[in-house]
Amino acid sequence: MSTFNPIEFRGVRKAFRFFTLDDLSLDLEPGQIMGFVGPNGAGKSTTIRLALGLLTPDAGEVRLFGHRMPEAQAVAKRDIGYVSDEMRLFQNATVGWHLRFVASIYPGWDEDYARTLLKRFNLRTEQTVKGLSSGEQMKAVLLLALARRPKLLVLDEPTANFDPVARHEVLGEFTDVLRDESRSILFSSHNTVDVERISDRIAFIDRGRLIDSRDKEDFLERWRRIELQVPAGATLPEIPHVVGRESDGQFATLTINQFTKDTLARLGGAVRRVHRMSLEEIFVANVMHHRETRSS
Amino acid sequence: MNPLTRKLIERELHMHRWMIGASILAGLAGLAFVARGGSINFNVGFLIWLTTIVAFGVVVAMFGIASERKERVMNWVLSLPVAHGDYVRIKVVALLLCFCVVWITLSAAAIGLILAQPGLPDGLLPFAVLLCVFMLGNYSFVVCSALHVHSEGPMTIVIVVHNIAITLFMFAVAAIGDISSHMQGPVAVWNPAFWTVLVVELAVFLLLFTLPFFVAARRRDFI
């Protein structure tokens, strides 16, 4: 079995005229589902294109399963299923033609699984691609990626064109794929609900920089929003790791990114309520904090 | 050639099979007009034959490269185990094969017609050969441009230049006395003027055919 990580970025830089992805270091380990979250234009697709060898880094190194990219992309891509919302199949060909075409390329093609997915996604082999809705086309693309049983699935905003029901179906399939613990997924999205549902590791990216990357549970445990009531004239003790502070008269809300029991002990009786934060709230607070830090 | 390369080339031929068939039929229909004799039939038939080859070249190049990129099908193809350099090479070879099926058939039919038809002077043969080879080079120009140009505006200019080039070529060759003076003659004259133009045409074709291998295939960023 390969000892290489499915994805390794080391100090990667890629500059465009109006955007630079800078000093990106990232690891996706075997069996891991990494949610790659960032606002529009943050650099998610650029990162994925670098990973797949479609772009060449200006500096640093990108490796997939130990293969240096983009030089070894043809070899590396044998083990990868890549799905992007900016991807379409041959419009005049049928779904069945695509199934036969991909099956003839990949020795690991799982015909039974392909049939199951066809049924589950309500697709028919005789349908031409141009007759499918955009959501159905994306399902067909996903089917073609999933049924080849790749070691690594790279998904770039795969649920962007889906209605809520389709999104539920598709996310369920990703979870099924990950029952095989040797498979990995890099899942890029700005929809934190989808990411929170399937990922076990999260990386936040904003304006071309990786701002945080850790286990999902770690994020959810470390971040808290604390409501306080501070009597007039009283001052709050110095609290470390406060990334956001809102005040309204004697009421205040602190956002903390390294919450511990010690935090509550320091605040004492001023604490009225402690909120766990959703991934979306953590993401927004994280991004805003980093933007403020960088601009100052 | 690895199996995936072969399959992608076969796919290109498969995708364009109806257009290839229709173009051959249209070109042959044009030559059938020519075979009926008379200057009107000659002009109409020649125009149909010429337009068929020229239009087929543009349509195949646009469908095979520009539309594939615009409709984002290329993104899916590049998700397969193929490097972008291979993608460029596959496109050049596959689209040349598609064109050659039509081009060889219709060029051979035209030359055969000149040889077989008593009403058509054999002196036309050098001009016909030069015109056919020019169309091959002109097609390579469109394919080469489509692989290097990514926006619609410049590509439109490429198509206009491609279409005008045929007319300019015919005017230019007609202006070469050593070629035009023998066109109505009973025998084909393969003189140095003919060979010079042919060598230039082949050199241009080779340059345009191989340029994508050295430029587009080596591009650092493909999408």
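At 22% relative accessibility, A:Asp22 falls in the partly exposed class, and its salt-bridge partner A:Arg13, at 33%, is partly exposed as well. The closest N and O atoms of A:Asp22 and A:Arg13 are 3.3 Å apart. Like everything described here, this pair belongs to a predicted model. Side chains of opposite charge can pair when their charged atoms come close.

**Salt bridges**

A search of the whole structure finds 31 salt bridges over all chains. Four of them, including the pair already described, are set out in the table.

| Residue | Partner | Closest N to O distance |
|---|---|---|
| A:Asp22 | A:Arg13 | 3.3 Å |
| A:Arg291 | A:Asp206 | 2.8 Å |
| A:Glu221 | A:Arg276 | 2.9 Å |
| B:Asp221 | A:Lys14 | 2.8 Å |

The salt bridge between A:Arg291 and A:Asp206 has its closest N and O atoms 2.8 Å apart. A:Arg291 sits in helix α10 (residues 279-295) of chain A, while A:Asp206 belongs to strand β9 (residues 201-206) of chain A, so this pair ties together parts that are 85 residues apart in sequence. A:Arg291 is partly exposed, with a relative accessible area of 26%, whereas A:Asp206, at 3% relative accessibility, counts as buried because the limit for that class is under 20%.

A second pair, A:Glu221 with A:Arg276, meets in a salt bridge of 2.9 Å, taken from N to O. This pair also links distant parts of the chain, since A:Glu221 is in helix α8 (residues 216-222) of chain A and A:Arg276 is in strand β14 (residues 271-276) of chain A, 55 residues apart. A:Glu221 itself is partly exposed, with a relative accessible area of 38%. Salt bridges that share partners also join A:Lys14, A:Asp58, B:Arg220 and B:Asp221 into one network.

**Where the two chains meet**

The contact between the chains takes 32 residues from chain A and 25 residues from chain B. About 2,500 Å² of area is buried between chain B and chain A, and carbon and sulfur atoms give 63% of it. On the side of chain B, the residues B:Trp76, B:Pro81 and B:Arg220 supply 27% of the area that this chain buries against chain A, more than any other three residues.

Across this interface there are 2 salt bridges, and one of them joins B:Asp221 to A:Lys14, with the closest N and O atoms 2.8 Å apart. The interface also holds 9 residue pairs in polar contact, both residues being at pLDDT 80 or more. The elements that give two or more residues to the side of chain B that touches chain A are α1 (3-15), α4 (73-77) and α5 (84-116) of chain B. Among these, α1(B) gives the most, with 6 residues. Sorted by class, the residues on this side of chain B divide into 13 nonpolar, 4 polar and 8 charged.

**Inside chain B**

The helix α5(B) also meets another helix of chain B: its axis and that of helix α9 (residues 192-214) of chain B come within 8 Å and cross at roughly 145 degrees. On one side the contact is made by B:Val88, B:Arg89, B:Val92 and B:Leu96 of α5(B), and on the other by B:Phe205, B:Phe209, B:Pro212 and B:Phe213 of α9(B). By class, this contact has 7 nonpolar, no polar and 1 charged residues.

Elsewhere in chain B, B:Val173 lies in helix α7 (residues 152-174) and counts as buried at 2% relative accessibility. Apart from its neighbours within four places in sequence, B:Val173 is in contact with B:Phe127, B:Ile179 and B:Ser180. B:Val173 and B:Ala193 are 20 residues apart in sequence, and their C-alpha atoms are 9.8 Å apart in space.

**Chain A as a whole**

Chain A has 10 helices and 14 strands, and its C-alpha trace spans about 75 × 40 × 40 Å along the principal axes. Of its 296 residues, 52% count as buried. Among the contacts in chain A between residues at least 6 apart in sequence, 68% join residues at least 24 apart.

One of the buried residues of chain A is A:Thr47, with a relative accessible area of 1%, and its place is in helix α1 (residues 44-51) of chain A. Leaving aside neighbours within four places in sequence, A:Thr47 is in contact with A:Phe9, A:Leu21, A:Leu24, A:Phe36 and A:Ile205.

Notes: Residues numbered from 1 in each chain as written. Chains lettered and ligands numbered in written order. Predicted model: local features only at pLDDT ≥ 70, side-chain atom pairs only at ≥ 80, totals over all residues. Heavy atoms only, no water. Salt bridge = Lys/Arg side-chain N within 4 Å of Asp/Glu carboxyl O. Buried < 20%, exposed > 50% of the residue type's maximum accessible area, 1.4 Å probe, protein only. Helix = DSSP H or I, 4+ residues; strand = E, 2+ residues; numbered from the N terminus. Contact = heavy atoms within 4.5 Å. Buried area = accessible area lost by both parts, 1.4 Å probe. Polar contact = N/O pair within 3.5 Å; in protein donor to acceptor, adjacent residues only side chain to side chain. Nonpolar A, V, L, I, M, F, W, Y, C, P; charged D, E, K, R; others polar. Axes fitted to C-alpha atoms, helices over the stretch in contact; angles between N-to-C directions.
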